[in-house]
Amino acid sequence: MQELLADFEDLDELYRCYMAFLREGGLFVKSNMRFELGTTVSLRVTLPDALEEDVIQGKVVWVSPQGAQNANPPGVGVAFGENSQPFNDKIIKLLGTSLNSDKPTYTM
């Protein structure tokens with residue numbers, strides 16, 4: 001299983017990467033690696049101000065290739081698995097009211 005690393009230093013970057021439109025939540029991870037949709041990956045995530053990383057599994061559901069028309073960085077969107085609800089809740093708590101923002105993200 002391939003592994004992706006995501007280190008979020010601030011809440012603004014976490015907001016741009018969070019995929020709230022997915023039922024279980026998900027994250028966009030900047031990467032130049034190629035992935036096929038549906039690929040299961042291990043995601044090692046360090047949230048802002050966290051002392052330890054979280055490790056979760058998910059599936060690739062979004063691919064932004066190098067040179068995409070919208071000028072977003074290359075990477076993949078990973079949908080969290082069923083057992084990732086506590087991690088998703090942690091992100092929702094961190095982002096709070098900014099989830100209602102109309103600022104663009106890397107995926108929407």
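User: Contact means heavy atoms within 4.5 Å. Among contacts between residues at least 6 apart in sequence, what percentage join residues at least 24 apart?
Analyst: Quick heads-up: this is a predicted model, where local features need pLDDT of at least 70 and side-chain atom pairs count only at pLDDT 80 or more, while totals for chains, interfaces and linings use all residues. Numbering runs from 1 along each chain as its sequence is written, and side-chain values use heavy atoms, with hydrogens and water left out. Taking the contacts between residues at least 6 apart, the share that join residues at least 24 apart is 66%.

User: What pattern do the helices and strands follow along the sequence?
Analyst: Both kinds are DSSP runs numbered from the N terminus, helices being H or I over at least four residues and strands E over at least two. By that count there are two helices and five strands. Put in sequence order, they read β-α-β-β-β-β-α.

User: How does the radius of gyration sit against the globule rule, and what is its value?
Analyst: The C-alpha trace spans about 30 × 30 × 25 Å along its principal axes. The radius, taken over C-alpha atoms, goes up against a rule of 2.2 Å times the number of residues to the power 0.38. For 108 residues that rule gives 13 Å, and the protein comes out close to it, so it is as compact as a globular protein of that length, with a radius of gyration of 13 Å.

User: Which strands sit at the edges of the sheet?
Analyst: Five strands make an open sheet with mixed pairing, ordered S1-S3-S4-S5-S2; two strands pair if DSSP finds at least two bridges between them. Direction ignored, neighbouring strands here are turned by 40° against each other on average, the axes being lines fitted to C-alpha atoms and angles running from 0 to 180 degrees between N-to-C directions, with helices fitted over the stretch in contact. Each edge strand pairs on one side only, and the two are S1 and S2.

User: Which residue of S5 stands opposite Leu27?
Analyst: S2 covers 26-30 and S5 covers 75-80. The two strands run antiparallel, joined by five bridges. Across from Leu27 in S5 you'll find Val78.

User: Which residues touch the most other members of the largest nonpolar core?
Analyst: A nonpolar core is a set of buried Ala, Val, Leu, Ile, Met, Phe, Trp, Tyr and Cys residues joined through side-chain atoms within 4.5 Å, and buried means under 20% relative accessible area, with exposed over 50% and partly exposed in between (1.4 Å probe, protein chains only). Of the protein's 108 residues, 41% count as buried. Ile91 touches Leu14, Tyr18, Leu27, Leu47 and Phe80, leaving out residues up to four places away in sequence. In this 24-residue core, the members touching the most others are Leu27, Leu43 and Ile91.

User: Is Val55 buried, partly exposed or exposed?
Analyst: Val55 belongs to strand S4. Skipping neighbours within four places in sequence, Val55 is in contact with Ser42, Leu43 and Arg44. Its relative accessibility is 47%, so Val55 counts as partly exposed.

User: How far apart are the closest N and O atoms of Asp12 and Lys103?
Analyst: Side chains of opposite charge can pair when their charged atoms come close. Asp12 and Lys103 do form a salt bridge, that is, a side-chain nitrogen of Lys or Arg within 4 Å of a carboxyl oxygen of Asp or Glu. Asp12 lies in helix H1 and Lys103 in the segment after H2, so the pair ties together parts that are 91 residues apart in sequence. The closest N and O atoms are separated by 2.9 Å.

User: Asp12 also bridges to Arg16, so what separates the two along helix H1?
Analyst: Their side chains meet at 3.3 Å, N to O. Asp12 is partly exposed at 35%, and Arg16 is partly exposed at 26%. Because they are four residues apart in H1, what separates them is about one helical turn.

User: Which residues do the shared salt bridges join into one network?
Analyst: Glu13 and Lys30 form a salt bridge, with their closest N and O atoms 3.0 Å apart. That pair links helix H1 to strand S2 across 17 residues. Glu13 is buried at 14%, while Lys30 is partly exposed at 43%. Through shared partners, the network takes in Asp12, Glu13, Arg16, Lys30 and Lys103.
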